[in-house]
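Student: I am new to this structure and would like a close look at one part of it rather than a quick tour. Could you choose a starting point and then work through what surrounds the main framework, step by step?

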Amino acid sequence: MDPMTQEFKPQRHVPVLPDEVVQGLEPLDGCVVADLTLGGGGHAELLAKRVGPSGRLIGIDCDAEQLERAGTRLAGLPVELIHARFDQAGEIFRSRSLQADRVLADLGFCSEQLDDPDRGLAFRHEGIADMRLDRTRGEPAHRLLDRLDERELARILWEYGEEKQSRRIARKIVEARHERLPWTTTRLANIVRSCLPPRFVTGRIDPATRSFQGLRIAVNDELGVLESMLKQLSGMVKPGGVAAIISFHSLEDRLVKREFARTEIWERINRKPIEASEAESAANPRSRSARLRVARRLL
Ligand SMILES: C[S@@+](CC[C@H](N)C(=O)[O-])C[C@H]1O[C@@H](n2cnc3c(N)ncnc32)[C@H](O)[C@@H]1O
């Protein structure tokens, strides 16, 4: 996108499962609520309004731009915002001798991030494939596309993207390095599509989606960071307190399910994940893949 001719105007992120999150967490007057994935502050606003002036919401996000956006939205509410990754939250809480009554994590990324061409997260928006949620650290996707060997690329596409044609795509990516062209989202998506048999290229979901998901998970080490946060989670929640986690693909949901199945620590409030209603799915397509799990920390 030419910044001289087109200004990036993000669409405001619509929080998924808002009623279900509020109902599951039941934030009461005076509660300390931690939102580990503050994003645009949509859920945080709903929760902070319910804890009253004697309560507090601590909002964490690894993306400084999101914190700024949320800060504007939450002005006047009892909130404290922290720029950190959620796997650092355990340490932050410990250093302040803090435990929360309620903890929320709404995994993944926001519409504002997805729609920002500079982030290169989506093939719908032409930009260099960066894909980092926190642009102050880590290796962007275009570097991985230049650096990783074919086997490792194929593993990422297969394991994190569940892409059946992972080997073929990885080979094509390695071959395409000779062209010495920038790794834009459009170029990458076209390479992926060119590797798939025509019957895979039709249908509702763009076939490049899986590869983009795989690369994004690898770039942000999403599963490693989630696993580490889940290990710290029970320490962040007061006994009797509640944690709610929303995931967007089975790889994440599996880890959350496994943590909440530790019945010596958690009482599951819902056995099956809560999904969006038909009305919400129609109004907010992002909610279609959302899975909410809620559990109470045993006393
Ligand atoms: C789905 S959005 C959250 C939306 C938010 N619930 C709302 O209603 O506006 C996910 C947010 O989590 C942040 N995020 C993703 N992984 C993170 C991590 N490991 N640590 C901290 N923040 C993370 C992203 O930057 C993004 O802003």
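Tutor: Let us begin at a loop: in this predicted model, methionine 131 is found in the loop between α5 (111–114) and α6 (141–147). Its backbone has a positive phi of about 75°, although methionine 131 is not a glycine. With 26 C-beta neighbours inside 10 Å, against the 20 needed for the label, methionine 131 counts as buried. Leucine 17, which lies in the segment before α1, offers another case, for it has a positive phi of about 45° although it is not a glycine. Leucine 17 also counts as buried, because 23 C-beta neighbours lie inside 10 Å.

From leucine 17 the chain leads on to helix α1, which spans residues 18–25 and in which Glu20, Val21, Gly24 and Leu25 are buried. Seen down the axis of α1, these buried residues fall within an arc of 115°, so they line one face of the helix. A general point helps here: an α-helix has 3.6 residues a turn, so residues three or four places apart point the same way. What covers the buried residues of α1 includes the helix α2 together with the strands β4, β5 and β7. Just after α1, glutamate 26 takes a positive phi of about 45°.

The strands that help to cover α1 bring us to the sheet, which is the part I would look at most closely. The sheet is open and has 7 strands in the order β3-β2-β1-β4-β5-β7-β6, with mixed pairing. The strands β3 (79–83) and β6 (266–268) stand at the edges, where each has a single partner strand, so one side of each is left without a neighbour in the sheet. From one strand to the next the twist averages 20°.

Taking the pairs in turn, β1 and β2 pair in the parallel sense over 4 bridges, and within this pair valine 32 stands opposite arginine 56 in β2. On its other side, β1 (residues 32–35) runs parallel to β4 (residues 100–106), to which 3 bridges join it, and valine 33 stands opposite arginine 102 in β4. Further along the order, β5 and β7 pair in the antiparallel sense over 6 bridges, with alanine 243 having alanine 295 in β7 as its bridge partner. At the edge, 3 bridges join β6 to β7, and these two strands run antiparallel; tryptophan 266 stands opposite arginine 297 in β7.

How much of these strands is covered can be described for β2 and β7. In β2, 6 of its 6 residues are buried: Arg56, Ile58 and Ile60 point one way from the strand, while Leu57, Gly59 and Asp61 point the other way. In β7, 6 of the 7 residues are buried, so this strand is largely enclosed by the rest of the structure.

Helices also lie against the sheet. Helix α12 (residues 222–236) lies across β1, β4, β5 (237–247) and β7 (291–297), and it runs at about 145° to β5. Within α12 is glycine 235, which is partly exposed, with 13 other C-beta atoms within 10 Å. The C-alpha atom of glycine 235 is separated by 9.4 Å from that of leucine 98, although the two residues are 137 residues apart along the chain.

A helix away from this description shows a one-sided pattern as well: in α7 (residues 150–159), Leu153, Ala154, Ile156 and Leu157 are buried. Seen down the axis of α7, these residues fall within an arc of 160°, so they line one face of the helix. They pack against α8 (166–176) and α11 (208–219).

Finally, we can turn to the ligand, where β2 appears once more: β2 and α2 (42–51) each supply at least two residues of the shell around the ligand. Of the 21 residues around the ligand, Pro15, Thr37, Gly39, Gly42 and Cys62 come nearest. Sorted by class, this shell has 8 nonpolar, 9 polar and 4 charged residues.

Methods. Residues numbered from 1 in each chain as written. Predicted model: local features only at pLDDT ≥ 70, side-chain atom pairs only at ≥ 80, totals over all residues. Pairing = 2+ DSSP bridges. Axes fitted to C-alpha atoms, helices over the stretch in contact; angles between N-to-C directions. Contact = placed C-beta atoms within 7 Å. Near = placed C-beta within 6 Å. Nonpolar A, V, L, I, M, F, W, Y, C, P; charged D, E, K, R; others polar. Buried ≥ 20, exposed ≤ 12 C-beta atoms within 10 Å, placed from the backbone. Arc of directions from axis to C-beta.
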